[in-house]
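Student: I would like to learn how to read a structure one feature at a time, beginning with a general idea and then turning to the case at hand. Could you take me through this one?

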Amino acid sequence: MSKQIHPPLRAGRRGLILVVIVLALVVAGSGAAFALASSHKGKTTLIKSTPAPASVADTGPTTAQALVATTPQTSPTTQVLTLAVTAKNPRQMIIDASASAIVAAATLSPASPVQATAAALQKVVCIDPGHQAHPDLTLEPIGPGSKEMKPKVEAGTRGVVTGVPESQLVLTIALKLRAVLEAHGVKVVMTRTTQNVDISNSQRAQIANAAHANLFVRIHANGNSDESIHGSEVLYPSSIKGWTDTIAAPSKRAASLAEQDLVAATGARNLGLVARGDITGFNWSKVPVILPEVGFMTNPNEDRLMETSAYQTKIVGTLAQAILTFIGVR
Ligand SMILES: [Zn+2]
């Protein structure tokens, strides 16, 4: 990461005074916090924050937006950056937001005002919101050259209380996840951004392959005929020679990060990691891939929870944290 960052505030460069004003608007699940900080020659001062950081404690992962104004004497540049930070402690979160903004601002130069390059900008994450408005039950091979066939896209489950289809819930979560990852400078490729598509599972994997994704994240929610079953699990590909043998180990590592974070943040029952050899979207993938099953839509309590913005924020924040850790951005 440090290689990508220009020497910040180089002292020998006469006349260049970089003043960074960071305005962090922190939107939390149950309230909003506001922080104003200034940075001059590497020193950061928190000028004002409201409400008191402690008042938004334990709201979990949070998205912060920061407005960064850089004012070198020669060429004033104003840059709007969106930052996403996750922290249990809002005070730490605000400091993180300020620090990240300053790092980003330090990468700006008059010659390339929008080249806020960092390691994150070289990373690609492909997000696949599972299913689509209408299933496509025509068949495709479960892996390259396979005679074993499965439907291209199955229907998915549905909220037992809310009636929301899985395809809609996971699309909502996926779009929020995209926003958080992009705020970190990660390039995000979506397999779909609307419900009205027809993209088979093998095609979705090939979208991730074509993007050379550092990680392919397939978001699903679970269903079971037994309404009492609840919790989250993360699927990853088992090792199949010629198909997934090169991606199985890193996929398992990513799955492990995601599962730990998911259950820690949501309090959901930990159903663990599951290796699968029968999933088309895994077997066609040439890049590490995970499939978080974020909860059971057939469990009344979990169905209701997953439709709340606060719970979605927890899911998104923790998945983002795991993804960023896996791809080496944080
Ligand atoms: Zn599904």
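Tutor: What follows is a walk through a strand, a metal site, the nonpolar cores and the salt bridges. Please keep in mind that this is a predicted model.

Student: Let us begin with strand β6, residues 124-129: how many of its residues are buried?

Tutor: The general idea is that in a regular strand the side chains alternate between the two faces of the sheet. In this structure six of the six residues of β6 are buried, so the strand is largely enclosed by the rest of the structure. Both of its faces are covered, since Val124, Cys126 and Asp128 on one side are buried, and Val125, Ile127 and Pro129 on the other side are buried as well.

Student: Which strands pair with β6, and in what sense?

Tutor: There are two pairings to describe here, and each can be followed through a residue of β6. Strand β9, residues 187-190, pairs with β6 in the parallel sense over four bridges, and within β9 it is valine 189 that stands opposite cysteine 126. Strand β10, residues 215-222, also runs parallel to β6 and is joined to it by five bridges, with valine 217 of β10 standing opposite isoleucine 127.

Student: Which residues are the protein donors of the zinc ion?

Tutor: The donors are His131 through NE2, Glu166 through OE and His220 through ND1, lying 2.1 Å from the ion. Read along the chain, these donors follow the spacing H-x34-E-x53-H. Histidine 131 belongs to the loop between β6 and β7 while histidine 220 belongs to strand β10, so this pair ties together parts that are 89 residues apart in sequence.

Student: Is histidine 131 buried or exposed, and what surrounds it?

Tutor: With a relative accessible area of 10%, histidine 131 falls under the 20% limit and therefore counts as buried; histidine 220 is buried too. The side chain of histidine 131 also makes a polar contact of 3.1 Å with the side chain of glutamate 166. If residues up to four places away in sequence are set aside, the residues that histidine 131 touches include Val153, Glu154, Ser167, Arg192 and Arg204, together with the two other zinc donors, Glu166 and His220.

Student: Which residues touch the most other members of the largest nonpolar core?

Tutor: That core has 39 residues, and Ile127, Leu177, Leu181 and Ile219 touch the most other members. Several elements, among them β6, α2, β9, β10 and α7, each supply at least two of its residues, and the largest share, nine residues, comes from α7. Isoleucine 127 itself, leaving aside neighbours within four places in sequence, has contacts that include Ala174, Leu177, Leu181, Val188, Val217 and Ile219. Apart from this core lies another, of 16 residues, among them Val189, Ala208, Ala213 and Val289.

Student: How many salt bridges does a search of the whole structure find, and where does aspartate 128 come in?

Tutor: The general idea is that side chains of opposite charge can pair when their charged atoms come close. Here the search finds three salt bridges. In one of them aspartate 128 meets arginine 204, with the closest N and O atoms 2.9 Å apart; because aspartate 128 lies in strand β6 and arginine 204 in helix α3, this pair ties together parts that are 76 residues apart in sequence. Aspartate 128 also forms a salt bridge with arginine 218, at 3.3 Å from N to O, and that pair links strand β6 to strand β10 across 90 residues of the chain. Asp128, Arg204 and Arg218 are thus linked in a network of salt bridges.

Student: Are the residues of this network buried or exposed?

Tutor: Aspartate 128 is buried, with a relative accessible area of 0%, arginine 204 is likewise buried at 0%, and arginine 218 is buried as well. A further salt bridge joins the side chains of aspartate 278 and arginine 276 at 2.8 Å from N to O; in that pair aspartate 278 is partly exposed, with a relative accessible area of 31%, and arginine 276 is partly exposed at 29%.

Key. Residues numbered from 1 in each chain as written. Predicted model: local features only at pLDDT ≥ 70, side-chain atom pairs only at ≥ 80, totals over all residues. Heavy atoms only, no water. Buried < 20%, exposed > 50% of the residue type's maximum accessible area, 1.4 Å probe, protein only. Pairing = 2+ DSSP bridges. Polar contact = N/O pair within 3.5 Å; in protein donor to acceptor, adjacent residues only side chain to side chain. Contact = heavy atoms within 4.5 Å. Donors = N, O, S within 2.8 Å, 3.2 Å for Na, K, Ca; no water. Core = buried A, V, L, I, M, F, W, Y, C linked by side-chain atoms within 4.5 Å. Salt bridge = Lys/Arg side-chain N within 4 Å of Asp/Glu carboxyl O.
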